[in-house]
Amino acid sequence: ETLYQTVIKDMPLQKVLDSGWFRIDAGPFRAALLNTIKHWSLMFKQHLVDHVTDSLNSLRDFIQQTNSGLSKPVPEGEYNALVECMGHLGAVRLRIPETDIMFEPLKNTIDLLKTYQQDMSEDVHQLLEELPERWANTKKIASTVKQDVAPLQATEVNLLRRRSATFDVKQHEFREQFRVEAPFRFKDDAPYDSLDQWNGKISAMEADMSEICKSAELFEVSLPDYRQLKACRREVCLLKTLWDRVLLVRTSFSEWTKTLWREINVEQLDMDVKKFAKDIRGLDKEMRAWDVFGGLDSSVKNMVTSLRAVGELQNPAIRERHWQQLMQATQVKFVMSEETNLNDLLQLNLHNFEDEVRGIVDKATKELNMEKVISEMESTWSQMEFEHEKHLRTGVPLLKSSDE
């Protein structure tokens, strides 16, 4: 509002800015600016009006509903009636800190709106006058009712504590069963079926826990944390994440193993496997003690080692005799042909024979170099021509290379 008045005062209705060669009519800009300022001013004032109105109406409805609920009798043995009564008492208890200090700020807000010519309706002023007393009366009713139902509440509290103790024992037993039967082992045949079953069991236990906690909140009873059940929920989520990673790795490896021997791109596969290894290291540390994590980690590490060995075996120096030496070292027989694929090589368990593979490849490389030298010597000597020449003194015939 102050900004609106400032614009009206300092920017006349008709004004042309003239700098000699450039002229601007500020009238349309002034009108648009005033409209924008008024729009925001009305919006802020309406927000304050709505805040005051909604706050008072909400409290009025709450008082009516609560007084009506607390006026109902609570016979002994009527659990539902007692729960409804305790719900109203709890709602009053939760609302006290906010409601006790709300009236003075609302009055200040109304006074602020009044300074900007925004008057509230008569109903709002009437509510602001009546509600403090009605709220105080509601708190007195709640206090009286709480004393009246105290014996019934004490009985229900004892039952609730026994129920809580029984559930606590049950969740410990459930935890032990979960640790034994959940898919923590890498060789589990149907991990996702098991995870679905355990998720359902945990959800059922959580529903029971939620019901107990809700009753405990109504009757103001402190409960244990039920950490065993919460640990099961956390671990079943971690298992799902871990088995998703296992499935991804297994699927990728399965596709790779179909690659023909001569078409294996060791460098690319090695990069992909190392990415898998990096992702595995980034998983939650709690998983590292589980067998399924150890199996996954070992599979990836073995693949890294095997690919390194496969890369060395792609050396052109490798001959049929060297494959025979490799099969002898690994105690696995297979036929090396054009149809040989990565899976055939992985059957040799190359990750267990890295040193043997390296030795065979080194030997093959040296043999190839030796073959090249011998071949060069054969080529050179096959083209050499010799002549006989007698020794001048002894007359013994000597070999002499032809000058041609």
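Lys400 counts as partly exposed, because its relative accessibility is 31%, a value that falls between the 20% limit for buried and the 50% limit for exposed. This residue is found in strand S4, which covers residues 397-401. Its C-alpha atom is separated by 6.6 Å from that of Glu389, although the two residues are 11 apart along the chain. Like everything else described here, these values come from a predicted model.

Stepping back to the whole protein chain, the secondary structure comes to 13 helices and 4 strands. Of the 404 residues in the chain, 35% are buried. The accessible surface adds up to about 25800 Å², and carbon and sulfur atoms own 53% of that. As for who touches whom, take the contacts with a separation of 6 or more: 74% of them link residues 24 or more positions apart.

Now for the inside. The largest nonpolar core has 79 residues, and Phe178, Leu239 and Val300 are the ones with the most contacts inside it. Helix H8 (residues 227-256) supplies the largest share of this core, with 11 residues. Leaving aside residues up to four places away in sequence, Phe178 touches Phe184, Trp198, Ile202, Cys232, Glu235, Val236 and Leu239. One of these partners, Cys232, is buried, because its relative accessible area is 0%. Cys237, on the other hand, is partly exposed, with a relative accessible area of 42%. As for disulfides, the structure holds 0 of them.

Helix H6 (residues 150-181) is a handy place to look at single residues, and Ser164 lies in it. With a relative accessibility of just 5%, Ser164 counts as buried. Setting aside residues up to four places away in sequence, Ser164 touches Ile212, Leu223, Pro224 and Tyr226.

Charged residues come next. Side chains of opposite charge can pair when their charged atoms come close. The structure holds 16 salt bridges. In one of them, Lys170 pairs with Asp208, and the closest N and O atoms are 4.0 Å apart. Lys170 lies in helix H6 and Asp208 in helix H7 (residues 191-218), so this pair ties together parts that are 38 residues apart in sequence. Both partners are partly exposed: Lys170 has a relative accessible area of 40%, and Asp208 has one of 30%.

Another salt bridge joins the side chains of Glu235 and Arg175, at 2.7 Å from N to O. Here the link runs between helix H8, home of Glu235, and helix H6, home of Arg175, so parts that are 60 residues apart in sequence get tied together. Glu235 counts as buried at 3% relative accessibility, and Arg175 is buried too, with a relative accessible area of 10%. Apart from residues up to four places away in sequence, Arg175 touches Gln228, Ala231, Cys232 and Glu235. Shared partners also join Arg175, Arg179 and Glu235 into one network of salt bridges.

A salt bridge can also sit within a single helix, as with Lys301 and Asp297 in helix H10 (residues 291-313). Their side chains meet at 3.0 Å, N to O. Because the two residues are 4 apart in that helix, about one helical turn separates them.

Back on the outside, Trp40, Met43 and Phe44 form a nonpolar patch on the surface, with about 330 Å² of accessible area together. Trp40 lies in helix H2, which spans residues 27-70. At 44% relative accessibility, Trp40 counts as partly exposed.

Definitions and conventions. Residues numbered from 1 in each chain as written. Predicted model: local features only at pLDDT ≥ 70, side-chain atom pairs only at ≥ 80, totals over all residues. Heavy atoms only, no water. Buried < 20%, exposed > 50% of the residue type's maximum accessible area, 1.4 Å probe, protein only. Contact = heavy atoms within 4.5 Å. Patch = residues over 30% accessible without salt bridge, like charges linked within 9 Å, V, L, I, M, F, W, Y side chains within 5 Å. Areas by Shrake-Rupley, 256 points an atom, 1.4 Å probe, with all protein chains shown as cover. Core = buried A, V, L, I, M, F, W, Y, C linked by side-chain atoms within 4.5 Å. Disulfide = S-S within 2.5 Å.
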